[in-house]
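Please find below my notes on the model you sent round. They are set out as numbered points, to be read with the structure open.

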Amino acid sequence: ADNGQFFMRINATAETGAALEDLRQGFAEVAKPFGMNYEFHDQSATMKVIIMVSSFGHCLHDLLYRVRIGALPIYVVDSTQDHMDYQKVVVNQDIPFQCIKVTKDNKPQAEARIMEVVEETGAELIVLARYMQILSSNFVSHYPHRVINIHHSFLPAFVGANPYQQAHDKGVKLIGATSHYVTEDLDQGPIIEQNVQRVSHRHSAAELRSLGQDVERQVMLRAVRWHLEDRVIVDGNKTVVFVK
């Protein structure tokens, strides 16, 4: 990294009967003289995930499909939505569903209820699969680097609402999507993954949206998968991603 730090990721298979806690304690003696920061994770453990959605369901559909066919090894413990649009999609897969509507008047109470769901389910990761509410700093501070968002533009361009219309108005030749960890600053968190799609002046804003949704699905999936596989290290407001 720019600050002189070095990052390493090692994937190892432990001998039968080896305990993860024993490894942590044993490695502490090695790490201490060097001032190392380190973590050990058991990749055989299935991560508990909450998927939050608003009125666009393409990322939700894609994630649930991957889970159903065994291509994404997560345990979806709840789907919290601020609309009823995708209730049947969720409950038909035997996933608990919560409709928690958010307004400017009830936002603290709504977020408190969402936090209760997180605690009740033991969720380790929150995926904002086109969840269009802005989370408060109080909410975000409870789950550092545990909330992943998909933003429908190639950040830092077109922050905030309706980026496809912004892109159309600017006449851009590339549109994109960005998946990032959520922080207090809107759409400014550490970026995990991005991708783009070439477009032209012939595309309307609606056509840009349709093309962009394919990119969003791909970017969201890769970000979630890399997080599950412990391939992402956060370094300030940047990430180091160990891609295969």
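1. Ile 51 stands opposite Ser 79, a residue of strand β2. This is a predicted model, and the points below should be read as comments on a prediction. The strands β1 and β2 pair in the parallel sense, over seven bridges. Strand β2 spans residues 74-81 and is mostly covered, with seven of its eight residues buried.

2. The connection from β1 to β2 involves a helix. Helix α2, residues 58-68, makes a right-handed β-α-β unit together with β1 and β2.

3. Strand β2 also pairs with strand β3 (residues 97-99), again in the parallel sense, here over three bridges. One position to look at is Thr 80, whose bridge partner in β3 is Gln 98. Strand β2 thus has pairing with β1 over seven bridges and with β3 over three.

4. Confidence. The chain has a mean pLDDT of 92, and 97% of its residues reach 70 or more. Among the elements, the lowest mean pLDDT, 85, belongs to α1, and the highest, 98, to strand β4 (residues 125-128). Comments on α1 below should be read with that value of 85 in mind.

5. Cysteines. How many disulfides does the structure hold? The count is zero. The sulfur of Cys 59 has its closest cysteine sulfur in Cys 99, 19 Å away, which is too far for a bond; a disulfide needs the two sulfur atoms within 2.5 Å. Seen from Cys 99, the closest cysteine sulfur is that of Cys 59, at 19 Å. The surroundings can be stated for each residue: Cys 59 is buried, at 1% relative accessible area, whereas Cys 99 is partly exposed, at 30%.

6. Aromatic rings. The count comes to four aromatic pairs. One of them is formed by Phe 27 and Tyr 38, with 5.0 Å from centre to centre and 70° between the planes, and is edge-to-face. The pair links distant parts of the chain: Phe 27 is in helix α1 (residues 20-31), and Tyr 38 is eleven residues away, in the loop between α1 and β1 (47-53). Phe 27 has a relative accessible area of 25% and is partly exposed. Tyr 38 is also partly exposed, at 33%. Phe 27 and Tyr 38 form one aromatic cluster with Phe 40.

7. Arg 130 deserves a look. Where does Arg 130 lie in the chain? Its place is the loop between β4 and α5 (137-142). Arg 130 is not a glycine, yet it has a positive phi of about 70°. It is buried, with 3% relative accessible area. Arg 130 also lies over the face of Phe 56, at 4.6 Å from the ring centre.

8. Asp 230 has a positive phi too, of about 55°, and is not a glycine either. Asp 230 is in the loop between α7 (205-228) and β8 (232-235). Is Asp 230 buried or partly exposed? At a relative accessible area of 24%, Asp 230 is partly exposed; the buried class ends at 20%.

9. Cis peptide bond. The bond from Leu 155 to Pro 156 is cis, with omega near 15°. Pro 156 is in the loop between β5 and α6 (163-170).

10. Val 147 lies in strand β5 (residues 147-151). It is buried, with a relative accessibility of 1%. Val 147 and Val 49 are 98 residues apart along the chain, and 10.0 Å separates their C-alpha atoms.

11. A second pair of positions can be described in a similar way. Gln 188 is in the loop between β6 (174-181) and β7 (191-198). This residue is partly exposed, with a relative accessible area of 37%. The C-alpha atoms of Gln 188 and Asn 237 are separated by 8.3 Å, and the two residues are 49 apart along the chain.

Methods:
Residues numbered from 1 in each chain as written. Predicted model: local features only at pLDDT ≥ 70, side-chain atom pairs only at ≥ 80, totals over all residues. Heavy atoms only, no water. Buried < 20%, exposed > 50% of the residue type's maximum accessible area, 1.4 Å probe, protein only. Phe/Tyr/Trp six-rings, centres within 6.5 Å; stacked < 30°, edge-to-face > 60°. Helix = DSSP H or I, 4+ residues; strand = E, 2+ residues; numbered from the N terminus. Lys NZ or Arg CZ within 6 Å of the ring centre and 35° of its normal. pLDDT = per-residue confidence, 0-100. Pairing = 2+ DSSP bridges. Right-handed = clockwise from strand over helix to strand, strands pointing away.
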